[in-house]
Amino acid sequence: TALLRAVQAKKFDLVQLMVERRERPADINAVNNARENALHIWAKQGEGKQYQATAEYLLEHNIDGHALNAQDKTPKEVALAAGHRTLAVEIGKKIMRIELRGQMDAERQLLEVERRQMQAQMEEMQRMMQAMRAGQAGGAAAAGAAPSPVAGQMQFFAPAAPPAYAAVVAGSAAARAATPPAEEAELSEDNEPEKKGPSEHF
């Protein structure tokens, strides 16, 4: 492919242009007949800062650092076989950093999903508690407005209060005050015992 030819020619600027173009970007994991991707080819080119930077660039753009060529070797192993030890070490470190970052990103995403689930559960519980409190308040209001059957029964069986003794006495006094003096005198005469006359002697 055009990308592999640019790598073979060590034209890094062209490689970067083909990888980052918006329309029809180059397939960074394309391989040749020997099943070598761009990193395999680059690992054989040389050693130095420019080679390390290019290798890291390819890895950052998701080239497969564990891909095996026709000889079942990874790019790191190809660099070691070519005598580029420093480049091989840097390739290994970069792969580890990228994988660790991917794991951390995955864990953060999982934690975010769990957080949202817990938040949704808490909101649902709050809604349920508010509904329960509203129901209890409505029941209490209804109970206060309607007469209680128990209270009615208690009122039905409550004994009548006896008349006050003072009221009876006051009524008797009022009756006496209303009686005319003549009738009172007659009543007094009727109540006196009958007097008998002196006995007649023969």
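**Notebook: core and aromatic pairs**

Setting aside its neighbours within four places in sequence, I find Ile91 in contact with Leu39, Ala55, Leu59, Pro75 and Lys76. I note that the model I am reading is predicted.

Entry on the core. I looked up the largest nonpolar core and found that it has 23 residues. Ile91 is listed among those with the most contacts inside this core, together with Leu3, Val15, Leu39, Leu58 and Ile63. I then traced which helices contribute: helix 1 (2-8), helix 2, helix 3 (38-43), helix 4 and helix 6 (85-145) each supply at least two residues of the core. Helix 4 gives the largest share, five residues.

Entry on aromatic pairs. I recorded a count of two aromatic pairs. Phe12 and Tyr57 form an edge-to-face pair, with 5.4 Å from centre to centre and 80 degrees between the planes. I placed Phe12 in helix 2 (residues 12-20) and Tyr57 in helix 4 (residues 49-60), so this pair ties together parts that are 45 residues apart in sequence. Both Phe12 and Tyr57 are buried.

For Trp42 and Tyr51, I read a distance of 5.2 Å between the ring centres and an angle of 40 degrees between the planes, so I entered the pair as tilted. The tilted class applies because 40 degrees falls neither under 30 nor over 60 degrees.

Entry on burial. I checked Trp42 and Tyr51 against the cut-off for buried, which is under 20% relative accessible area. Trp42 has 3% relative accessibility and therefore counts as buried. Tyr51, with a relative accessible area of 16%, is buried too.

Methods
Residues numbered from 1 in each chain as written. Predicted model: local features only at pLDDT ≥ 70, side-chain atom pairs only at ≥ 80, totals over all residues. Heavy atoms only, no water. Phe/Tyr/Trp six-rings, centres within 6.5 Å; stacked < 30°, edge-to-face > 60°. Helix = DSSP H or I, 4+ residues; strand = E, 2+ residues; numbered from the N terminus. Buried < 20%, exposed > 50% of the residue type's maximum accessible area, 1.4 Å probe, protein only. Core = buried A, V, L, I, M, F, W, Y, C linked by side-chain atoms within 4.5 Å. Contact = heavy atoms within 4.5 Å.
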